[in-house]
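Here is a short briefing on one protein chain. Keep the sequence and the 3D view open as you read.

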Amino acid sequence: MAEQQTNVAVLGGGSFGTALASIAADNGARVRQWMRDETLVKQINQEHRNGRYLPNYAMNPAVEASADIQTVLADAELVLIAIPSKAFRSVVQAAKAWLRPEQILVSTTKGIEQEGFLLMSQVLEQETGFSHIGVIAGPNLASEIADKQLTATVIASADSLTRTRVQQVLGCRYFRVYASDDRHGVELGGALKNIYAIAAGMAAALGMGENTRSMLMTRALAEMSRFAVAQGANPMTFLGLAGVGDLIVTCSSNLSRNYRVGYAMGEGRTLEEAVDALGQVAEGVNTVKLVCAKASEMGVYMPLAEGLNHVLFDGVPAQEMARTLMMGEQSSDVEFILPREAVQQAHRDQAPHNQTPHNQASKDNGGRNA
């Protein structure tokens, strides 16, 4: 519980931002929530309900909504930014005139900006230059938080003040906040898992069993951590809530927007039809193309993500995703224990004399055996 009243601003009128605004108010903070939609502002202030995103959730009546960003940011000590990645920078730019270096800025957005492959906390750093910057990520389905189901999240920041203040403001009997100093790893975990939630939804719609789902999730975790470590993250982060925790919930629940997009495509809908039926942003659709391009640039092996990219954007049937899962190389299980390169070398060393490995044959003149 917050020990003293903290002024909190929430930028964004979606489901997660609304749930966090209400939690902070429950804990005694003074909370103002910004959104563009004047009709939604009026509904929250009069009915204490977000009818668009959480229609059955009774918000704390102390939450004040406004379409005036200056009013919302006035005197705010903690600013939670819950804006889809495509609009994130523009909203931060609009807010800059009323932001102050002593404020704590925390992103809750699990996405990547296309230009420069930037995470949202990096956008915050670019736009503000502030030092108190953090991210929230974890297995946080907003509708369950609204129902006060027991939930945990991670606040990640190199700044101890940021971590502590978020824990004080948001931690309560049903919403537990754990701390991490691996901001990059936590934020990448939140963004990358959206890719595999789409794949999991497809697998479920295609009638694949529990063994398949388990294999998909664990190989997804291998890809996520491989990519993140190449980007400078700590692999141990992926054993926590923002890694395996978020991956499990988003690959298992039809409350996950990305899972629902994948499920609809597994049933035979086009990507456009699946997204239109959802009516909300599914960050994984944008993320998969960006991640595959970056993985190719960095030489990171991500067969699941690449297979899903072909299904989403190249018209490849969803059934092909299963073939991608089964036809990739059989390498190490946890490559931070047994490096993938060591398994590949063992395969080359143990190849029968009359079966020269393909990559070696291509180097020899005429493809002759060594």
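Which elements each supply at least two residues of the lining of the second largest cavity? They are α8 and α9 (210-230). The model is predicted. The points below cover its cavities, record-based domains, salt bridges, one enclosed helix and one buried glutamine.

**Second largest cavity**

- This cavity holds about 30 Å³ of space.
- Its lining is made of Ala-200, Ala-203, Ala-204, Met-208, Gly-209, Arg-213 and Leu-216.
- α8 provides the largest share of that lining, three residues.
- By type, the lining has five nonpolar residues, one polar and one charged.

**Largest cavity**

- The whole structure has two cavities of 30 Å³ or more.
- The largest cavity encloses about 40 Å³.
- Its lining includes Ser-107, Thr-108, Thr-109 and Lys-110. Val-135, Ile-136 and Ala-137 also line the largest cavity, as do Val-186, Glu-187, Gly-190 and Ala-191.
- Two elements, β8 (133-137) and α8 (183-205), give two or more residues each to this lining.
- α8 gives the most, with four residues.
- The lining of the largest cavity splits into five nonpolar, four polar and two charged residues.

**Domains in the record**

- UniProt, in an unreviewed entry, lists residues 7-159 as "domain: Glycerol-3-phosphate dehydrogenase NAD-dependent N-terminal".
- Over residues 7-159 the chain is 34% helix and 24% strand. The end C-alpha atoms of this stretch are 19 Å apart.
- UniProt also lists residues 182-321 as "domain: Glycerol-3-phosphate dehydrogenase NAD-dependent C-terminal", again from an unreviewed entry.
- Residues 182-321 are 74% helix and 0% strand. Here the end C-alpha atoms are 32 Å apart.

**Salt bridges**

- The structure contains 14 salt bridges.
- Side chains of opposite charge can pair when their charged atoms come close.
- Arg-30 and Glu-64 form a salt bridge at 4.0 Å, N to O. Arg-30 sits in strand β2 (residues 30-34) and Glu-64 in strand β3 (residues 64-66), so this pair links distant parts of the chain, 34 residues apart.
- Why does Arg-30 count as partly exposed? Its relative accessibility is 33%, and buried would need a value under 20%.
- Glu-64 also counts as partly exposed, because its relative accessibility is 36%.
- Glu-113 and Arg-89 form a salt bridge at 2.8 Å, N to O. Glu-113 is in strand β6 (residues 112-113) and Arg-89 in helix α4 (residues 85-95), so the pair ties together parts 24 residues apart in sequence.
- Glu-113 and Arg-89 are both buried.
- Asp-246 and Lys-110 form a salt bridge at 2.8 Å, N to O. Asp-246 belongs to helix α10 (residues 241-252), while Lys-110 is in the loop between β5 (104-107) and β6, so the pair ties together parts 136 residues apart in sequence.
- Asp-246 is buried, and Lys-110 is buried too.
- Arg-89, Lys-96, Glu-113 and Glu-127 are joined into one network by salt bridges that share partners.
- Lys-110 also appears in the lining of the largest cavity.

**Helix α14**

- Why is helix α14 (residues 303-313) largely enclosed by the rest of the structure? Eight of its 11 residues are buried.
- The buried residues are Pro-303, Leu-304, Ala-305, Gly-307, Leu-308, Asn-309, Val-311 and Leu-312.
- An α-helix has 3.6 residues a turn, so residues three or four places apart point the same way.
- Gly-315 follows α14 and has a positive phi, near 75 degrees.

**Gln-43**

- Gln-43 is placed in helix α2 (residues 38-47).
- Is Gln-43 buried or exposed? Gln-43 is buried, because its relative accessible area is 17% and the cut-off for buried is under 20%.
- Leaving out residues up to four places away in sequence, Gln-43 touches His-48, Arg-49, Asn-50, Gly-51 and Arg-52.
- Gln-43 and Ala-65 are 22 residues apart in sequence. In space they are 8.9 Å apart, C-alpha to C-alpha.

Definitions and conventions
Residues numbered from 1 in each chain as written. Predicted model: local features only at pLDDT ≥ 70, side-chain atom pairs only at ≥ 80, totals over all residues. Heavy atoms only, no water. 1 Å grid on protein atoms, 1.4 Å probe; cavity = no way out; pocket = protein on both sides within 12 Å on 5 of 7 lines; lining within 4 Å. Points joined across faces, edges and corners; volume = space filled by probe spheres on them. Nonpolar A, V, L, I, M, F, W, Y, C, P; charged D, E, K, R; others polar. UniProt positions renumbered as here; feature names shortened; annotations may be inferred. Buried < 20%, exposed > 50% of the residue type's maximum accessible area, 1.4 Å probe, protein only. Salt bridge = Lys/Arg side-chain N within 4 Å of Asp/Glu carboxyl O. Contact = heavy atoms within 4.5 Å.
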